[in-house]
Amino acid sequence: MARILIVSENDSDADRLKTVFRKAGLTSERAKCIATGCELAKSGLYQVIFSTPLAADGSWRRLIDVANHYSL
C-alpha cells in the first residue's frame, strides 16, 4: 500500500488531504516544513509526496533534489 507524505504549513489544507486519503484507505503523514519533509523523504518510506510550492523554509524543489540524490 502506498504511503503518502503531505508537506504543508497550512493546517486546514493538510487536514483536508489526510481526511480524503483516510477515507480512501490510504496511509498519510504530514510534515509542516520542507526541511522535515526532506528528512522524512530520505527514509524511502513514501511512494507519493504532496507539497505546497513554497514554504517559509524553502521550495518543493528541495524535495525533488532529495529524491534525485537518494534515487527515490
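Is Leu40 buried, partly exposed or exposed? Leu40 is partly exposed, since its relative accessible area is 28%, and that value falls between the 20% under which a residue counts as buried and the 50% over which a residue counts as exposed. The model in which this residue sits is a predicted one, and the paragraphs below lead from the whole chain to a pair of helices and then to single residues.

Taken as a whole, the protein chain has 3 helices and 5 strands, and a reader who follows the sequence from its start meets these elements in the pattern β-α-β-α-β-β-β-α. The radius of gyration of the protein chain is 12 Å, close to the 11 Å that the globule rule gives for 72 residues, so the chain is as compact as a globular protein of that length. Measured out along the principal axes, the box that the C-alpha atoms of the protein chain fill is roughly 35 × 25 × 15 Å. Of the 72 residues in the protein chain, 25% are buried. When the contacts with a separation of 6 or more are considered, 62% of them in the protein chain join residues that are 24 or more positions apart.Two of the helices can be followed together. Helix 2 covers residues 34-41 and helix 3 covers residues 61-69, and their axes come within 9 Å of each other while crossing at roughly 20°. Angles under 35 degrees count as roughly parallel, and helix 2 and helix 3 are therefore roughly parallel to each other. The crossing of helix 2 and helix 3 is, in addition, right-handed. On the side of helix 2, the residues that take part in the meeting are Ile34, Ala35, Gly37, Cys38 and Ala41, and on the side of helix 3 they are Arg62, Leu63 and Val66. Sorted by character, the residues of this contact between helix 2 and helix 3 comprise 6 nonpolar, 1 polar and 1 charged.

Helix 2 is also the place of Leu40, the residue with which this account began. Leaving aside its neighbours within four places in sequence, Leu40 is in contact with Leu5, Ala31 and Tyr46. With one of these partners, Leu5, the separation along the sequence is 35 residues, whereas the distance in space from C-alpha to C-alpha is 8.2 Å.

Another of the partners of Leu40, Tyr46, leads out of the helix, for Tyr46 is found in the loop between helix 2 and strand 3, the strand that spans 48-51. Is Tyr46 buried or exposed? With a relative accessibility of 12%, Tyr46 counts as buried. When residues up to four places away in sequence are not counted, Tyr46 touches Arg3, Ile4, Leu5, Glu29 and Leu40. The C-alpha atom of Tyr46 is separated by 8.9 Å from that of Leu72, a residue that lies 26 residues away along the chain.

Gly44 also belongs to the loop between helix 2 and strand 3, and Gly44 is partly exposed, with a relative accessible area of 37%. Between Gly44 and Cys33 there are 18 Å in space, taken from C-alpha to C-alpha, and the two residues are 11 apart in sequence.

A further residue to look at is Ser28, which lies in strand 2, the strand made of residues 27-31. Ser28 is buried, having a relative accessible area of 12%. Its contacts, once the neighbours within four places in sequence are left aside, are with Ile4, Ile6, Lys18 and Phe21. Of these, Ile4 is also among the residues that Tyr46 touches.

The last stop is helix 3, where Asn68 lies. Asn68 counts as exposed, at 58% relative accessibility. The C-alpha atoms of Asn68 and Ile6 are separated by 18 Å, and the two residues are 62 residues apart along the chain.

Definitions and conventions
Residues are numbered from 1 along each chain as its sequence is written. This is a predicted model: local features need pLDDT of at least 70, side-chain atom pairs count only at pLDDT 80 or more; totals for chains, interfaces and linings use all residues. Side-chain values use heavy atoms; hydrogens and water are left out. Axes are lines fitted to C-alpha atoms, for helices over the stretch in contact, and angles run from 0 to 180 degrees between N-to-C directions. Helices (H or I, at least four residues) and strands (E, at least two) are DSSP runs, numbered from the N terminus. Angles under 35 degrees count as roughly parallel, over 145 as roughly antiparallel, 65 to 115 as roughly perpendicular and the rest as oblique. A crossing is left-handed if the near helix is turned anticlockwise from the far one by less than a right angle, and right-handed if clockwise. Contact means heavy atoms within 4.5 Å. Ala, Val, Leu, Ile, Met, Phe, Trp, Tyr, Cys and Pro count as nonpolar, Asp, Glu, Lys and Arg as charged, and the others, Gly among them, as polar. The radius of gyration is taken over C-alpha atoms; the globule rule is 2.2 Å times the number of residues to the power 0.38. Buried means under 20% relative accessible area, exposed over 50%, partly exposed in between (1.4 Å probe, protein chains only).
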